[in-house]
Amino acid sequence: MSSATSQDVAAPAPDGIMQLGLGFWSAKTLLSAVELGLFTALAAGPASRDELQARLGLHARSAADFLDALVALGMLERQGSVYRNTPATDLYLDRTKSTYLGGVLEMANARLYGFWGGLTEALRTGRPQNEAKHGGSFFAALYADPVRLEGFLKAMTGLSAPIAAAIAARFPWADHRTLIDIGTAQGGLPVTIASTHPHLTGGGFDLPVVEPIFARHVAAHGLADRLRFHPGDFLRDPLPSADVLVMGHILHDWDLDEKRAILAKAHAALPPGGALIVYDMMIDDERRRNAAGLLMSLNMLIETPGGFDYTGADCIGWLREAGFREARVEPLTGAYSMAVGLR
């Protein structure tokens, strides 16, 4: 039997390359739908193309292709000429629901979509491509505007909600009495964990301007008697003490020296037997599978002077350097994992 010639071997299809290379088409279609409030409009009930065109202010030329593209992308359902949300978009992209995740997508649409156009420059220079490129500061502007700040913190609560539920279920909270969430934002994580485990008390630590937003969120869940706000800056101030400290979406913002300094502060604040939980989109140790974690690290290249995402093995090494006697990594949900360090 003769060996196969090059003509006998089918050429690989280019479909995956083209789909990835033009992936911004799909992303921007979804982001514009969120910006226009399409999913919130359909949460009130199904609607025809003409109704949606009038309600959202769409041009007649764009409406059919826009809506049907969202059907093809799995973001809408259509029966005849009537459109409705999918179960997922109804749950996560309706602005009136507590499960709304669109705030993160709104930020991606308003800021990150444009800044990622500078990725090639960032790869060559190592410098941020966001507001800092022109002498501005996203966080300075954000924290100076209470309305915008509350919207951002609410978005972070939505993003962290499934992660908080997983931590509430998987960590041995019965062995501890108090917790403090570092960089707590609205306080979504301590609210979720304290609601699940009624014996726990504690609160959240964040910049002083966040306190009224935290207080409203905690009071709305009936937990003001168990959770309180601790003002401070984790780069400059000592951390409050508790049996368990939690850091989510924190460590990846900073360079290696800052990461190590933050972990050392956490070790100093914990009592013997206490625990630190760190969660992020941790990259798999072989750096082959968790594309979301690797892309998040590129996002830190765009957004920060020195931040980067990291593997579970990296985090275990830093925890041990900081003095934690035991450290382990556990998967949470989606691309997220948590590292647990025991003092």
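This is a short tour of one pocket and three helix pairs in a predicted model.

**Stop 1: the second largest pocket**

Start by selecting Ser98, Thr99, Thr157, Gly158 and Ala161, the lining residues closest to the centre of the second largest pocket. With those on screen, you are looking into a space of about 390 Å³. Now widen the selection to the whole lining, which has 22 residues. What is the split by class? The lining holds 11 polar, 8 nonpolar and 3 charged residues.

Next, colour the helices around this pocket. H6 (87-92), H10 (146-170) and H11 (188-196) each give at least two residues to the lining. Which helix provides the largest share of the lining? That is H10, with 6 residues. Keep H10 displayed, as two of the next stops use it.

**Stop 2: H10 against H11**

Show H10 together with H11, and look at how their axes run: they come within 8 Å and cross at roughly 35°. The crossing is right-handed.

To see where the two helices touch, select Thr157, Ala164, Ala165, Ile167 and Ala168 on the H10 side. Then add their partners in H11, namely Gly188, Leu189, Thr192, Ile193 and Thr196. If you colour this contact by class, you will find 6 nonpolar residues, 4 polar ones and no charged ones. Thr157 may look familiar, since this residue is also among those closest to the centre of the pocket at the previous stop.

**Stop 3: H10 against H12**

Leave H10 in place, hide H11 and bring in H12, residues 211-220. Here the axes come within 10 Å and cross at roughly 50°, so H10 lies oblique to H12. As H10 passes H12, the crossing is right-handed.

For the contact itself, pick Pro146, Leu149, Glu150, Leu153 and Thr157 from H10, and Ile213, Arg216 and His217 from H12. Thr157 turns up here too, having already appeared in the contact with H11. Which classes meet in the contact of H10 with H12? There are 4 nonpolar, 2 polar and 2 charged residues.

**Stop 4: H4 against H5**

For the last stop, move to another part of the chain and select H4 (residues 49-56) and H5 (residues 60-72). Their axes come within 10 Å and cross at roughly 120°. Are they oblique or perpendicular to each other? The cut-off helps: roughly perpendicular covers 65 to 115 degrees, and H4 and H5 are therefore oblique. The handedness of this crossing is right-handed.

Finish by showing side chains at the contact. H4 brings Arg49, Leu52 and Gln53, while H5 brings Ala60, Ala63, Ala64 and Leu67. By class, this contact of H4 with H5 has 5 nonpolar residues, 1 polar and 1 charged.

How values were computed. Residues numbered from 1 in each chain as written. Predicted model: local features only at pLDDT ≥ 70, side-chain atom pairs only at ≥ 80, totals over all residues. Heavy atoms only, no water. 1 Å grid on protein atoms, 1.4 Å probe; cavity = no way out; pocket = protein on both sides within 12 Å on 5 of 7 lines; lining within 4 Å. Points joined across faces, edges and corners; volume = space filled by probe spheres on them. Helix = DSSP H or I, 4+ residues; strand = E, 2+ residues; numbered from the N terminus. Nonpolar A, V, L, I, M, F, W, Y, C, P; charged D, E, K, R; others polar. Axes fitted to C-alpha atoms, helices over the stretch in contact; angles between N-to-C directions. Parallel < 35°, antiparallel > 145°, perpendicular 65-115°, else oblique. Left-handed = near helix turned anticlockwise from the far one by under 90°. Contact = heavy atoms within 4.5 Å.
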